[in-house]
Amino acid sequence: MPTDGPTAEPPARSKRADAQRNRQTVLSAAAEVFVTSGVDAPIRQIAAGAGVGMATIYRHFPTRADLVTAVYRHQIEACAEAGPDLLAGADSPLDALRRWIDLFVDFLVTKHGLADALQSDSDRFAALHTYFLDRLLPVCAQLLDAAVDAGDIRPGIQPYELMRGIGNLCIGRDSDPRYDPRRLVELLLLGLQRHRPA
């Protein structure tokens with residue numbers, strides 16, 4: 001009497017796990033390629049970085065817009081999830097905020113070219129921007145509040161102001177190799193700090 005019912009399940013589960021791993025590998029490789037070559041980089045370059053065939057990429061992401069959107073959603077999630085972990089593990093709330101801002105700058109640098117890549121799909125771009133704000137504003141607020149409560153940051157700065165300011169400082173990085181937005185972001189953070197009397 002055949003008992004192929006129960007034994008058919010593990011291979012299917014294993015196949016799904018492999019597919020999910022491939023998808024994550026492609027997203028990570030694409031993010032790296034986007035930093036160095038922009039969002040218009042050849043798909044074969046991303047496939048080579050991920051160690052998969054081009055067919056695997058197209059199976060998961062039928063269009064470039066699908067891939068670009070997925071990369072940014074993946075990075076938004078990573079940035080959002082890092083906030084509470086940094087707050088729990090850093091030496092101070094200020095250190096957690098500083099390290100999160102560094103991740104946020106990494107994200108913004110990778111984000112270069114996103115609007116151009118999705119310009120023919122304004123609804124998708126608008127949805128991604130809403131998702132970006134919905135996920136990252138609360139994390140930034142949590143980190144800011146903790147740093148204010150610890151007495152490290154002056155009260156009154158709004159999360160949206162901070163994120164927008166950092167974003168503005170990151171504009172133009174690719175067009176001017178002499179410009180390092182991280183230096184100015186560090187100066188911005190220094191300006192927010194509450195200086196304790198000597």
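**Group meeting: a helical protein, its α5–α6 pair and a pocket**

Helices α5 and α6 are roughly antiparallel to each other, because the angle between them is about 175° and angles over 145 degrees count as roughly antiparallel. Their axes are 9 Å apart. Before going on, I should say that this is a predicted model.

Let me stay with this pair for a moment. Two packed helices are described by the angle between their axes and the distance between the axes. Those are the two values I have just quoted for α5 and α6.

Which residues make the contact? From α5 come Tyr-72, Gln-75, Ile-76, Cys-79, Ala-82, Gly-83, Leu-86 and Leu-87. From α6 come Pro-93, Ala-96, Arg-99, Trp-100, Leu-103, Phe-104, Phe-107 and Thr-110. Sorted by class, that contact has twelve nonpolar residues, three polar and one charged.

Now the whole protein. How many helices and strands does the protein have? The count is ten helices and zero strands, so the pattern along the sequence is α-α-α-α-α-α-α-α-α-α. The protein has 198 residues, and 35% of them are buried. Of the contacts with a separation of 6 or more, 67% are between residues 24 or more positions apart.

Next, the second largest pocket. It holds about 210 Å³ of space. Which helices each supply at least two residues of its lining? They are α2, residues 9-37, α5, residues 64-89, and α6, residues 93-110. The lining consists of Ser-28, Ala-31, Val-35, His-74, Gln-75, Ala-78, Cys-79, Leu-103, Asp-106, Phe-107 and Thr-110. By class, six of these are nonpolar, four are polar and one is charged. Some names come up twice in this talk: Gln-75, Cys-79, Leu-103, Phe-107 and Thr-110 line the pocket and also take part in the contact of α5 with α6.

Last, one residue in another helix. Ile-43 sits in helix α3, which covers residues 43-50. Is Ile-43 buried or exposed? Its relative accessibility is 9%, so Ile-43 counts as buried, the cut-off being under 20%.

What does Ile-43 touch? Leaving out residues up to four places away in sequence, Ile-43 touches Met-54, Ile-57, Tyr-58, Arg-64 and Leu-67. Of these, Arg-64 lies in α5, which covers residues 64-89, and so does Leu-67. For a sense of distance, take Gly-53: Gly-53 and Ile-43 are ten residues apart in sequence, and 9.8 Å apart from C-alpha to C-alpha.

Conventions. Residues numbered from 1 in each chain as written. Predicted model: local features only at pLDDT ≥ 70, side-chain atom pairs only at ≥ 80, totals over all residues. Heavy atoms only, no water. 1 Å grid on protein atoms, 1.4 Å probe; cavity = no way out; pocket = protein on both sides within 12 Å on 5 of 7 lines; lining within 4 Å. Points joined across faces, edges and corners; volume = space filled by probe spheres on them. Helix = DSSP H or I, 4+ residues; strand = E, 2+ residues; numbered from the N terminus. Nonpolar A, V, L, I, M, F, W, Y, C, P; charged D, E, K, R; others polar. Axes fitted to C-alpha atoms, helices over the stretch in contact; angles between N-to-C directions. Parallel < 35°, antiparallel > 145°, perpendicular 65-115°, else oblique. Contact = heavy atoms within 4.5 Å. Buried < 20%, exposed > 50% of the residue type's maximum accessible area, 1.4 Å probe, protein only.
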